[in-house]
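Work through the exercises below with the sequence and the model side by side, and try each task before reading its solution.

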Amino acid sequence: MPYTTKHKEQTRQRILLAAAKLFCSRGFDRVTLTQIMQKANMTHGAFYSHFSGKSSLYEAAMQFAASHAFWARDDKRTEGKETHLKALVTRYLSWSKTDQDHPSPLEFLVTDAAHKEEKVRQAYQACFDSLVERLANILKKNGKPRKNAEELAEETVVSLVGTVSIARSISQPLQSDFLKRAHNRIVSRLKAS
C-alpha cells in the first residue's frame, strides 16, 4: 500500500528540519546527505523520493528555516510597537540561547552565500530578503516612510548578521560584551531613525 500524502509531507518535514539544523551549524560543504538522513532517522531512499540532490535540499531547507525562524512569526501583542523592534534585536543577538529547534540560517550560513552553486546563493538571498521585509514592515507600522523603512531594515539585518557571525568567532569572555555593545548601537539607531 502506498504512503499517504500526510505521511509523505511528514517525512519531507523531518528531512528539512534535520537538514536545516545541520546546514545552520556546519554549512553546506561540511554536511553530507548521510549525516542529514541519520539525523532524520531515515534512509537514503526516502531522501531521493523528495529531493533531486543536495543543492535542492539546501534551497528547501533554507526556505523551511526562514519560515520557521522566530522572526518569521507574528507576535500580535507587540507588533507595530517600538518594543517589538527591541525584542527582535535582542532575540536575534541571543543566538546561542534561542530556538535551537528552528535556527535562523542567516548568521550561520553567511559563508555559504558565496557558494559556487546558484541555487545556494538564491536560497540564502531569499532568507535574507525575508528578514529585511519583516523588519521593514514593522518599521512602516511604526510610522517610517516606505523607502526609509526598507533601507533601515536592510542596514539592520546586515548589522545583526555581521554581529552574530563575528561573535561566534571571538572568545567567550569578549563575546558577551561585544554583543551588548552591538545590541545597544543597533537599538539606538532604530530609535533615532
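**Exercise 1. Describe how helices α8 and α9 pack against each other, and state which residues form the contact.**

Step 1. Helix α8, which spans residues 146–167, packs against α9 at an angle of about 175°, and their axes lie 10 Å apart. The model is a predicted one, in which local features need pLDDT of at least 70 and side-chain atom pairs count only at pLDDT 80 or more, while totals for chains, interfaces and linings use all residues. Residues are numbered from 1 along each chain as its sequence is written, and side-chain values use heavy atoms, with hydrogens and water left out.

Step 2. Axes are lines fitted to C-alpha atoms, for helices over the stretch in contact, and angles run from 0 to 180 degrees between N-to-C directions. The helices α8 and α9 are therefore roughly antiparallel to each other, a term used for angles over 145 degrees.

Step 3. On the α8 side the contact (heavy atoms within 4.5 Å) is made by Leu152, Glu155, Thr156, Ser159, Leu160, Thr163, Ile166 and Ala167, and these meet Gln175, Phe178, Leu179, Ala182, Ile186, Arg189 and Leu190 in α9. By class, the residues of this contact comprise 9 nonpolar, 4 polar and 2 charged, where Ala, Val, Leu, Ile, Met, Phe, Trp, Tyr, Cys and Pro count as nonpolar, Asp, Glu, Lys and Arg as charged, and the others, Gly among them, as polar.

**Exercise 2. Determine which residues of α9 are buried and where they sit around the helix axis.**

Step 1. Helix α9 covers residues 172–192, and its 21 residues reach 30 Å from the first C-alpha to the last, close to the 30 Å expected at 1.5 Å a residue.

Step 2. Buried in α9 (under 20% relative accessible area, 1.4 Å probe, protein chains only) are Gln175, Phe178, Leu179, Ala182, His183, Ile186, Val187 and Leu190. They cover an arc of only 155° around the axis, which puts them on the same side of α9.

Step 3. Pro173, Leu174, Lys180 and Ala192, on the other side of α9, are exposed, that is, over 50% in relative accessible area.

**Exercise 3. For Thr11 and Ser56, decide whether each is buried or exposed, and name its contacts.**

Step 1. Thr11 belongs to helix α1, residues 5–26, and is buried, with a relative accessible area of 7%. Apart from neighbours within four places in sequence, Thr11 contacts Met42, Ala46 and His50.

Step 2. Ser56 is found in helix α4, residues 54–68, and is also buried, at a relative accessible area of 14%. When residues up to four places away in sequence are not counted, Ser56 touches Phe51 and Lys119.

Methods:
Helix = DSSP H or I, 4+ residues; strand = E, 2+ residues; numbered from the N terminus. Expected span 1.5 Å × (residues − 1). Arc of directions from axis to C-beta. Parallel < 35°, antiparallel > 145°, perpendicular 65-115°, else oblique.
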